[in-house]
Amino acid sequence: MSSLLAIFLVVNSTRGHHYLFSYPQNPKRPSSSHRSTGIDDNFYGSSMTSRLNANSDPKSFGTKSTDADPFAGRDTIFNIDVSFLADALAPKLPLCDRKFQLCIDDLTFVGHPVSLSSPQAESDNKEQEDGNQEFNSSPLSPPTPSSPSANNEQNDNQSVSSVSSYRNENGISDNEDSDRNSINSLTEGHNGDNPTDTSPGSIHMTLFHVVFVMSPPDLELNAQIETLYKHVILKYSSALRYEQLRCGYVQEEIEKVLALKEEAYNKAVGTPYNQVMGEIIQESSLARDIRQIYTAVSSNRAAHVIINDFIDLSLQIPVLGTHKINEKNSPEDSFRPPTTSSLVDIYAVTGYAYDNYPILCPYHTLLLLEDPEEVLKNMPLDASPTLVQLVQILTPTQSLQELHLLLDCSLAQIYRLAAHLIYWRKAKLINTISTRNIYVVSPAAKLDDMSSLEADFKQHIPNLSLPILLSKLQHTQQYHQVYRIKELKNQYLEAITWLIRKDLVVQVHMYLVLIQDSPSYYQQASYENTEDVMSSSPNNGDKLKRTSYERAPKEVADLFERLKPYMKGHNHIDEIIYREGISRRQLGLVLKYYRDKILVVYHY
């Protein structure tokens, strides 16, 4: 998903609302009209507070620069004030535990804020609010728990932060004098005589929010947001919530990040922002997981993370299949044998996400997109033994029908395992590779970087030349006519497997079209009219039937009648052979005796 720009981590705790981490460290807007301010000269250190005002951008969106959190390490991101973002992305309790979406200019922030406080606790906090808008606690230092007055100040702090978030989200400006007084008290609280107030200590987190920042095209906005939320954001946020409730994992990671930031802030010599972010990635497994998810999703790959070495999670944006299910245009085409299955049947769901995936048939097979060792290495420890065996013995020259006999399991189970590998982009569905098939160079083949393709090809098949092989595949011919030497069969099978895996070649299938029986056909021998040629006239049908019986044996004539519904150019011969349970020799006899009645069309 190229529209993904960054992933933020925002929390709300006894220290207030805080922007903790982002990956990439310095994300950029895609549009040139919004210039992102550089952060290369930003440092953590004792002079950070004084530099925030000097480096403030008057054109930045959000609250005043004096509101900036000195522990954020930067004053703006995407040209938006960091403190404003922290407030806006930490919603109040009624907006938590559900889909969150916020649009600012050309940016869309999508997430699933997770609240760790109960509704009863929230109502208790509201009852303790006394309308006081000033508080003297440090922005990162929790008040002393033993002091009742400190608890009241803590609740006031959370109340003012929530009100500020609500007012900023709705475009309402606070009174400037009130803002200045609040920030001055925050700064005084931090620079006070008690240095222990800024110790990392233990905090009480009430909310965490992993936010995905996107900039999709307007026409794809809703579809991309819904897909990203359903398949990535919701799953990841739910896993983090589970680990937080189980063992306090998220709070522990947040304390690590705050401790590193505070340590860099308290140094006499400023620490570069990028260096601090690098240390956070090294120390925090949560930050590393966010980096891995961003890298995978932005490059349209599957992300595999193990949260806290406990939850094994795989995340991806599913890719719609390129082969659509055959349209049901007639009663003859509306049936599907009980031994075929699609992802719709396997997962018992409906919707566009599965409707465009190909149908699984016994004559199909799987082609691994990675080496079997890599696929097995990425499998969880409790993976299905049958799936492991399937990956180990999988070869593109054997069909699913043959594989289910080798594994001694049902064909339905093979379908489920195949669908699993296809969905997670570990394999692709193809027809079995054979030297009798016809392969040509794909019209969509990406041959721009020919040097790297040739180098990769040499590593797998060192004795063949990629350009020469591609030149031989420019013509429609069976694959065994490419090499003609039986001793080279295995090498050329490996070569065509590599080409199919790289989407450089496609298989050309044979389709049959029944030609209309008319006098003009015998006079002109014209093949131009290839529309639906099934004769609806009883007289014409009888004439065609009598002519067929005169030229062919009865068995061949009966088989021709059986195959008529398939002679409309909708089903290739492999599917016809499978559906009718016939051999290629039987189909060849039909084509031999009825070659004047059947038009053969080749298409990929």
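**Briefing: helix 13, a helix pair and the cores**

Helix 13 packs through its buried residues (under 20% relative accessible area, 1.4 Å probe, protein chains only) against strand 13 (364–368), helix 12 (372–377), helix 14 (400–407) and helix 15 (411–423). This is a predicted model: local features need pLDDT of at least 70, side-chain atom pairs count only at pLDDT 80 or more, and totals for chains, interfaces and linings use all residues. Residues are numbered from 1 along each chain as its sequence is written, and side-chain values use heavy atoms, leaving out hydrogens and water.

**Helix 13**
- Helix 13 spans residues 385–393, and its buried residues are Thr386, Leu387, Leu390 and Val391.
- They lie on the same side of helix 13, because they cover an arc of only 135° around the axis.
- Pro385 and Gln392 are exposed (over 50% relative accessible area) on the face turned away from the buried side.

**Helices 6 and 7**
- Helix 6 (residues 221–247) packs with helix 7 (residues 249–265) at about 90°, their axes 6 Å apart.
- The two are therefore roughly perpendicular (65 to 115 degrees).
- Leu240, Glu243, Gln244 and Cys247 of helix 6 make the contact (heavy atoms within 4.5 Å) with Tyr249, Val250 and Gln251 of helix 7.
- By class, that contact has four nonpolar, two polar and one charged residues.

**Cores**
- The largest nonpolar core (buried Ala, Val, Leu, Ile, Met, Phe, Trp, Tyr and Cys joined through side-chain atoms within 4.5 Å) has 72 residues; Phe8, Phe21, Phe109, Tyr236 and Ile293 touch the most other members.
- Another core, of 26 residues, lies apart from it and includes Ala445, Leu453, Leu466 and Leu499.

Definitions and conventions: Helix = DSSP H or I, 4+ residues; strand = E, 2+ residues; numbered from the N terminus. Arc of directions from axis to C-beta. Axes fitted to C-alpha atoms, helices over the stretch in contact; angles between N-to-C directions. Parallel < 35°, antiparallel > 145°, perpendicular 65-115°, else oblique. Nonpolar A, V, L, I, M, F, W, Y, C, P; charged D, E, K, R; others polar.
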